[in-house]
Amino acid sequence: DLLGCCNFVNYFGKATNINDIKLFPILMQKGTSKLALYGLGSIRDERLHRTFQSKKVQWVRPAEDKEDYFNLFVLHQNRLRRSQYYKNAISEAMLPGFLDMVVWGHEHECLIEPEESLGKNYFVSQPGSSIATSLSQGETRPKHVGILEIKGDQYRLTKVRLKTVRPFMMRDVILGEVEDLDDSGVLKYLEVIVEEMLENIRNDYGIETAFTKETMPLIRIRVDHTGFKKISPSKLGQNFVGKVANHDDIVSFHRKAQKKDSDGKSLAQIEIDNLLASRDDYKTPIHGRVTKHLK
């Protein structure tokens, strides 16, 4: 809002009444090509979802020659379901079919290549964030911006890779699948993994000299340490100070979830119960066992 008031940016798409939204397009024309640009600023997803469900979102079409316009919609909302609460996102099915293209903001994963919407005739481009904002799998994709060219009812999106983004690589490791590995060798094994990832980053980004403050990469290794002891992340990271930007946060440990039977017992508990049941004195009361031991 502040940048808009100072005329530093052309701000459009702000909804003054989220219970009854009217979307007016910005109409542009160059030669024979006409563009109807719709926009909607960020609104709490649950609230906007309810407004769409109540059919309180009105789309105002051009008064003349509406079929000659290329209809482009820009929005900034959750596209994917982040939780089981499905109203925490906007479904593509809620948008009207007359649109030609949707530029979907807010999501961080770069999916800038236009893809056809399910059940609708328009295409969706998701540019994603320009930098890695979290150590998640979606952030590992190369970052791009796009140049959109429109002529009549046709368009062309040329993607341009961002070269100043800090490199980011992620890898999953299951310690239980590594042969001849014990607790004493976990630290050394993970150090080798990090060195391999650094070498891959050098090759992918064409970095031939030592890492600088700007090119120092982000690395995340998700480690399944089922059956192994955890090591201190800082103990691993101290060997990569000046090489990895997040040297104190390289590894993320987790254990494989234990399988349970229909009664809710874990397999480990079932094995213990079977072992106890095999003993002759399994059903003997505790005082009986003590008496037997003292005799």
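1. Phe98 is a good place to start in this predicted model. With a relative accessibility of 21%, Phe98 counts as partly exposed, because the buried class requires a value under 20%. Its ring partner Trp59 has 16% relative accessibility and therefore counts as buried. The ring centres of Trp59 and Phe98 are 6.1 Å apart and the planes stand at 80 degrees, so this pair is edge-to-face; the edge-to-face label applies to planes over 60 degrees apart.

2. It is worth following this pair along the chain. Trp59 belongs to strand 4 (residues 57-59), while Phe98 sits in the loop between strand 5 (69-76) and strand 6 (101-105). The two residues are 39 apart, and their pair links distant parts of the chain. They are also members of one aromatic cluster, together with Tyr38 and Phe73. The structure has 6 aromatic pairs by the criterion used.

3. Two arginines are worth a look beside these rings. Arg61 lies over the face of Phe98, at 4.0 Å from the ring centre. Arg161 is placed over the face of Tyr205, and here the distance to the ring centre is 5.4 Å.

4. Tyr205 comes up again with the enclosed space. Which residues lie closest to the centre of the largest cavity? They are Arg141, Pro142, Lys143, Val165 and Tyr205, out of 13 lining residues. The largest cavity holds about 90 Å³ of space, and a search of the whole structure finds 1 cavity of 30 Å³ or more.

5. The largest pocket has about 500 Å³ of space. Its lining is made by 25 residues, and the closest to the centre are Val74, Val103, Trp104, Gly105 and Pro127. Strand 3 (33-40), strand 5, strand 6 and strand 9 (144-151) each give two or more residues to this lining.

6. Now for a sheet further along the chain. Three strands form an open sheet in the order 11-12-13, with parallel pairing. Strand 11 (168-174) and strand 13 (251-254) are the edge strands, each pairing on one side only. On average, neighbouring strands here are turned by 15 degrees against each other, direction ignored.

7. The contact between strand 12 (residues 218-224) and strand 13 can be read residue by residue. These strands pair in the parallel sense over 4 bridges. Arg222 stands opposite Ser252, and Val223 has Phe253 as its bridge partner. Which side chains of strand 13 are buried? Val251 and Phe253 are, and both point to one face. Ser252 and His254 point to the other face and are not buried.

8. Finally, two backbone angles deserve a friendly flag. Most residues other than glycine have a negative phi. Lys55, however, has a positive phi near 55 degrees. Lys55 is found in the loop between helix 2 (45-53) and strand 4, and its relative accessible area of 73% makes this residue exposed. His106 likewise has a positive phi, of about 85 degrees. His106 is in the loop between strand 6 and strand 7 (111-116). With a relative accessible area of 31%, His106 is partly exposed.

Terms used:
Residues are numbered from 1 along each chain as its sequence is written. This is a predicted model: local features need pLDDT of at least 70, side-chain atom pairs count only at pLDDT 80 or more; totals for chains, interfaces and linings use all residues. Side-chain values use heavy atoms; hydrogens and water are left out. Two strands pair if DSSP finds at least two bridges between them. Axes are lines fitted to C-alpha atoms, for helices over the stretch in contact, and angles run from 0 to 180 degrees between N-to-C directions. Rings of Phe, Tyr and Trp (its six-membered ring) pair if their centres lie within 6.5 Å; planes under 30 degrees apart count as stacked, over 60 as edge-to-face and the rest as tilted. Buried means under 20% relative accessible area, exposed over 50%, partly exposed in between (1.4 Å probe, protein chains only). A charge sits over a ring if NZ of Lys or CZ of Arg is within 6 Å of the ring centre and within 35 degrees of the ring normal. On a 1 Å grid over the protein atoms alone, a cavity is a set of points where a 1.4 Å probe fits but cannot get out, and a pocket is an open set with protein on both sides within 12 Å along at least five of seven lines; lining residues have an atom within 4 Å of a point. Grid points are joined across faces, edges and corners, and a volume is the space filled by probe spheres set on the points.
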